[in-house]
Amino acid sequence: MRAQFVFHEVWIGLRRNLTMTIALIVVVAISLSLLGTGLLFVKQVDNTRAYWQSRVQLSVYLCSSQAFSTECAKNGAVTQAEIANIQQQLNGPLKNYIVSATYVSQAQAWAQFKQEFANSPTLVKYTSQDQIPSSFEIKLRNTEADAGPVTNIVDGYPGVAEVVDDSSILNNFYKLLDGARTAVVIIAAFLLIAAILLVANTIRLSAFNRRRETSIMRLVGASNFYVQLPFLVEGMIAGLVGWLFATGLLVAVKGFWLNGLQSYFPYGVTLSSTDLIEVIIIAMITGLLICGSTSFLTLRRYLRV
Amino acid sequence: MIHFDNVTKTYPNQGRPALENVSLDVEKGEFVFLVGPSGSGKSTFLRLVLKEERPTEGRIHVAGKDLARLTNWKVPHLRRRIGCVFQDFRLLPNKNVYQNIAFALEVIGKPRRFIKKVVPEVIDLVGLEGKRERMPDELSGGEQQRVAMARAFVNRPTILLADEPTGNIDPATSIGIMKVLDRINRTGTTVVMATHDAAIVDSMRKRVIELEYGKVVRDQSRGVYGQAY
């Protein structure tokens, strides 16, 4: 095995085919970085989902003296007896669906409100404790299946103004992320197809450019392996260079874009560097696999012994 | 060394076979001229020996190997034992004399030390001393053919196939080429040369096999190009 010879041939092939090689590298870089972005999205969505899954609650708002709902208008503010009743129901018949149910009094909710809106003193100033409803914060055992039924039941209890399912708010957010992910993956798939065709074409051109060399190689009895290896390595090197660019792009995507996106959502779900490295490694394997196998199949067609 | 047993080769979409029922033996160390008009099957014969084509019928043995039983995997090893020279030289234009010859050894994975030793020897053998740095376009046709012969012979093949090696070369230079082929033959290498060149065949007085329409019409030791009675 003469590595020097092989690499010399590879170098000649890449240089003679410079424009095609550059096109190949660019397409591989873009498709791999899009694929990687898609995978980062998937991870982000998964992480976010897992984060919220353990925190999602039903908020059961009770009537305050200022509440607007019809139920409250009829009965006025919630009474201690009604609160006790709801508490009993939650701990009794609905027990199997619920992990925990915490009562948040108006005073506690008010304190929380003041804290959350500390940056808007005007809002706090014109709001009074009366206007902030007391509530039960319910954590469900199985959010997806039970949120609907539990909401319906609890909504009927006297003194309940409104039941809000936190996950319904999140679902829109998930839809957005899922949509973005699907779009990115579809584009990446198309680009990967383009990359495959480009690899095939580049290798074919390369084989054509060097048909004189390869015909002599075959004539003097070079093995298939020796004839084909330079082309194979050529495809793989283009793939690797493309992957290096893709790695740079992915680090940038993670650094500027995903992290920027996260800053809009204060409940920090950050992608770790491990996630990024995992995605980069998957991109490398994909790149090498695509370039290597396409070169190999192309060579079987165009460089027969 | 080369054994054809009732070999017929028909190319697809062609009515007449390129070779028909050819049986012949070429012994080790022989020098054989293959003569006949264009399309008589000379090139097909050479391609069959190299296993670039498969016979439609019949058996071929080359260097003790039954070609029908030789897997594709092993074909390169067969070709390492066969040197080839062509009318159009087939040199690499971007490599000099030394590199062109060394290429044949590099691609079969020979160590560099070996290459450094044998390439100068074979350059001397074909009479190109002092021209190892020349590029092909700086050489005459005869000199280019010498490079091609050096490349074909550098791995010491047991058989040398030459397809019209003097076809692009003037008669005076051809004599030099024939001398090199004769020298190679004297090392024990079997030489099969397809040619149109009557003067050369007549002057060498070697075995002559004449093909016509794919059939052997004459096989004569110490023969001449034209019909001899």
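Leaving aside its neighbours within four places in sequence, which residues is Pro136(B) in contact with? The legends below work through a predicted model, starting with that proline.

**View 1. Pro136(B) and the residues it touches.** Once neighbours within four places in sequence are set aside, Pro136(B) is in contact with Leu91(B), Pro93(B) and Gln144(B). Look for Pro136(B) in the loop that runs between α4 (112-125) and α5 (141-153) of chain B. Pro136(B) and its partner Pro93(B) sit 43 residues apart in sequence, yet their C-alpha atoms are 5.8 Å apart in space. Is Pro136(B) buried or partly exposed? Pro136(B) counts as partly exposed because it has 18 C-beta neighbours inside 10 Å, and a buried residue needs 20 or more.

**View 2. Phe89(B), a non-glycine with a positive phi.** Phe89(B) isn't a glycine, but its phi is positive all the same, at about 65°. You'll find Phe89(B) in the loop between β6 (82-86) and α3 (97-106) of chain B. This residue has 21 C-beta neighbours inside 10 Å, so Phe89(B) counts as buried.

**View 3. Glu164(B), another residue with a positive phi.** Here the phi is about 50°, again positive, and again the residue is not a glycine. Glu164(B) belongs to the loop between β7 (159-163) and α6 of chain B. With 19 other C-beta atoms within 10 Å, Glu164(B) comes out as partly exposed.

**View 4. Where the two domains of chain B meet.** Chain B splits into domain 1 (1-81 + 158-223) and domain 2 (91-156), so domain 1 is written as two stretches of sequence, by an assignment that is automatic or from a database. The centres of these two domains, taken over C-alpha atoms, are 24 Å apart. How many residues does each domain bring to the contact? Domain 1 of chain B brings 11 and domain 2 of chain B brings 12. On the domain 1 side, helix α6 (residues 171-186) of chain B supplies the largest share, six residues. Sort that domain 1 side by class and you get six nonpolar, three polar and two charged residues.

**View 5. Chain B as a whole.** Step back and chain B shows seven helices and 10 strands. Its radius of gyration is 18 Å, close to the 17 Å that the globule rule gives for 229 residues, so chain B is as compact as a globular protein of that length. Along the principal axes, its C-alpha atoms fill a box of roughly 50 × 40 × 35 Å. Of the 229 residues of chain B, 44% count as buried. Take the contacts in chain B between residues at least 6 apart in sequence, and 69% of them join residues at least 24 apart. As for confidence, the mean pLDDT of chain B is 92, and 99% of its residues reach 70 or more.

**View 6. Chain A, a more spread-out chain.** Chain A has 11 helices and four strands. Why is chain A described as more spread out than a compact globule? Its radius of gyration is 31 Å, well over the 19 Å that the globule rule gives for 305 residues, so the description fits. The C-alpha trace of chain A spans about 100 × 40 × 30 Å along its principal axes. Chain A is divided into domain 1 (3-52 + 171-302) and domain 2 (54-166), with 52 Å between the domain centres, taken over C-alpha atoms. Some 34% of the 305 residues of chain A count as buried. Among contacts in chain A between residues at least 6 apart in sequence, 86% join residues at least 24 apart.

**View 7. Helix α11 of chain A.** Helix α11 covers residues 273-302, which is 30 residues. From first C-alpha to last, this helix reaches 43 Å, close to the 44 Å expected at 1.5 Å a residue. The buried residues of α11(A) include Leu276(A), Val279(A), Ile280(A), Ala283(A), Ile290(A) and Leu299(A). Also on the buried list are Thr286(A), Gly287(A), Cys291(A) and Thr294(A), among others.

**View 8. The contact between chains A and B.** Chain A puts 14 residues into this contact, and chain B puts in 16. Which helix gives the most to the side of chain A that touches chain B? That's helix α9 (residues 211-219) of chain A, with five residues. The chain A side divides into nine nonpolar, two polar and three charged residues. For the complex, the predictor gives an ipTM of 0.86 and a pTM of 0.71.

How values were computed:
Residues are numbered from 1 along each chain as its sequence is written. Chains are lettered from A and ligands numbered from 1 in the order in which they are written. This is a predicted model: local features need pLDDT of at least 70, side-chain atom pairs count only at pLDDT 80 or more; totals for chains, interfaces and linings use all residues. Two residues are in contact if their C-beta atoms, placed from the backbone, lie within 7 Å. Helices (H or I, at least four residues) and strands (E, at least two) are DSSP runs, numbered from the N terminus. Ala, Val, Leu, Ile, Met, Phe, Trp, Tyr, Cys and Pro count as nonpolar, Asp, Glu, Lys and Arg as charged, and the others, Gly among them, as polar. The expected span of a helix is 1.5 Å times one less than its number of residues. A residue is buried if 20 or more other C-beta atoms lie within 10 Å of its own, exposed if 12 or fewer, and partly exposed in between; C-beta atoms are placed from the backbone. pLDDT is the predictor's confidence in each residue, from 0 to 100. The radius of gyration is taken over C-alpha atoms; the globule rule is 2.2 Å times the number of residues to the power 0.38.
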